[in-house]
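Subject: Structure handover and notes

Dear colleague,

I am passing on the structure below, followed by my notes on what was found in it. Please read them with the coordinates open beside you.

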Amino acid sequence: MGIELLGFQTTIANPVTLKGIGVHSGVEVSITFHPAEADAGIVFQRVLAGGRVAEFRAVSSQVGNTDLCTVLGFSPATSIATVEHVMAAIYALGLDNLLVEVHGAEMPIMDGSSEPFIDAIEQVGLRALAVKRRYIRIIKPVRIDSGASWSEFTPYDGMRFEVEIDFDCPLIGRQAWKGDMTPSVFKRELSRARTFGFMRDVERLWAGGFALGSSLENSVVISDDNTVVNVEGLRYADEFVRHKTLDAVGDLSLAGAPFIGCYRSYRGGHKMNANALKALLSDPTAYEVVETATPRQRTRSRDMVAVAAPGFAPWSA
């Protein structure tokens, strides 16, 4: 078995810009995706007052707050919030090198899913680079527990996600999504799943300065009587777990390299995803860095060979 993997790195063919509202700030923001050279990785640059720039590599060591979204950076004055939907699209499409220029404090929420970012990237297309792509191959299980929640990485011949949620809400209840991750699977089964929230939490979030840009145009809202407020209803019958899986794809992309293995979680979230990733990367006996042994753009995990880790690990830069 073993799904096809990219043997060489990629970037986008041309720049592309998106504009929208920040879900927490309520302020209009814009982002522009720019092509980048091989081994540059995914880099975010927030343009500040006076033309100053705060730069963050999209890697685990740069992850700050994970309470309501995933934030790159540790100071609100310079950090970049809500990167998970953008990163999920970047990761799922197999994009390795990209400069994301940001005018604002967070990503535009768009419709609450990854689909607008998928569309933007596919509009300009990907360009192959003549440098081999490296993967993090899981070679032994790594698990973390937090109360009733848990997450784990296990060896697997491919890139797989198995995510389960369990809400004390009859509309959601217990839902699970399982599947091997490919661009087509992500686009078809996960990309359109929107972020969601409960009407009962709105005033508390507003009081804390959060969700100021949230609306029925970018979020699935659950009423106090456990029904969907949005007149169009759900995009998938189990849209809630599909969005949680989308979030996990985005959060785990911050490994700095795609992984070969299976990620499983129960009642997880941004914090659990981030902590599981840190637990994996802090144990060098749990993974190996591999690349294709054959000069082909498409390859399989069985054709990967271990290589010496780079002088600086991409996930800790």
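Ala274 counts as buried, because its relative accessibility is 13% and the cut-off for burial is under 20%. Ala274 has its place in helix α6, which covers residues 270–281, and the C-alpha atom of Ala274 is separated by 9.7 Å from that of Gly64, although the two are 210 residues apart along the chain. Please keep in mind throughout that this is a predicted model, and that the values below are computed from it.

A comparable long-range relation is found at Glu84, which belongs to helix α1 (residues 84–92). The C-alpha atoms of Glu84 and Ser253 are separated by 8.6 Å, with their positions 169 residues apart along the chain. Glu84 is buried, with a relative accessible area of 3%, and, leaving aside residues up to four places away in sequence, Glu84 touches Cys69, Thr70, Asp247, Gly250, Asp251 and His270.

For the chain as a whole, the secondary structure consists of six helices and 19 strands. The radius of gyration is 19 Å, which agrees with the value near 20 Å that a compact globule of 317 residues would have. Along the principal axes, the C-alpha atoms fill a box of roughly 55 × 45 × 35 Å. Buried residues account for 56% of the 317 residues, and of the contacts with a separation of 6 or more, 74% are between residues 24 or more positions apart. The accessible surface comes to about 13200 Å², and carbon and sulfur atoms hold 52% of that surface. As for charge, there are 31 positive and 37 negative side chains, and the centres of these two sets lie 5 Å apart.

Turning to the aromatic side chains, the count comes to eight aromatic pairs. In one of them, Phe153 and Phe259 are arranged edge-to-face, at 5.7 Å centre to centre and with 90° between the planes. Phe153 lies in strand β11 (residues 149–154) and Phe259 in strand β16 (residues 259–266), so this pair ties together parts that are 106 residues apart in sequence. Both Phe153 and Phe259 are buried, and together with Phe161 and Tyr263 they form one aromatic cluster.

A further pair is that of Phe167 and Phe196, whose ring centres are 5.8 Å apart and whose planes stand at 65°, so that this pair is edge-to-face. Because Phe167 lies in the loop between β12 (159–166) and β13 (174–180), while Phe196 lies in strand β14 (residues 196–198), the pair ties together parts that are 29 residues apart in sequence. Phe167 is partly exposed, with a relative accessible area of 25%, whereas Phe196, at 16% relative accessibility, counts as buried.

Helix α2 (residues 115–124) is worth following in the viewer. Its buried residues are Pro116, Phe117, Ile118, Ala120, Ile121 and Val124. As background to the spacing of such positions, residues three or four places apart in an α-helix point the same way, because there are 3.6 residues a turn. The cover over the buried residues of α2 includes strands β2 (8–12), β3 (16–21), β4 (28–35) and β8 (126–132), together with helices α1 and α3 (183–190). Gly125 follows α2, and its phi is positive, near 85°.

Two residues other than glycine also deserve a look for their backbone angles. Thr82 has a positive phi, near 60°, and lies in the loop between β6 (53–57) and α1; at 5% relative accessibility, Thr82 counts as buried. Arg267 likewise has a positive phi, near 55°, and lies in the loop between β16 and α6. Unlike a buried residue, Arg267 is partly exposed, with a relative accessible area of 38%.

With best regards

Conventions:
Residues are numbered from 1 along each chain as its sequence is written. This is a predicted model: local features need pLDDT of at least 70, side-chain atom pairs count only at pLDDT 80 or more; totals for chains, interfaces and linings use all residues. Side-chain values use heavy atoms; hydrogens and water are left out. Helices (H or I, at least four residues) and strands (E, at least two) are DSSP runs, numbered from the N terminus. The radius of gyration is taken over C-alpha atoms; the globule rule is 2.2 Å times the number of residues to the power 0.38. Buried means under 20% relative accessible area, exposed over 50%, partly exposed in between (1.4 Å probe, protein chains only). Contact means heavy atoms within 4.5 Å. Accessible areas come from the Shrake-Rupley method with a 1.4 Å probe; for residues, only the protein chains shown count as cover. Lys and Arg count as positive and Asp and Glu as negative; His and the chain ends are not counted. The place of a charge is taken as NZ of Lys, CZ of Arg, CG of Asp or CD of Glu. Rings of Phe, Tyr and Trp (its six-membered ring) pair if their centres lie within 6.5 Å; planes under 30 degrees apart count as stacked, over 60 as edge-to-face and the rest as tilted.
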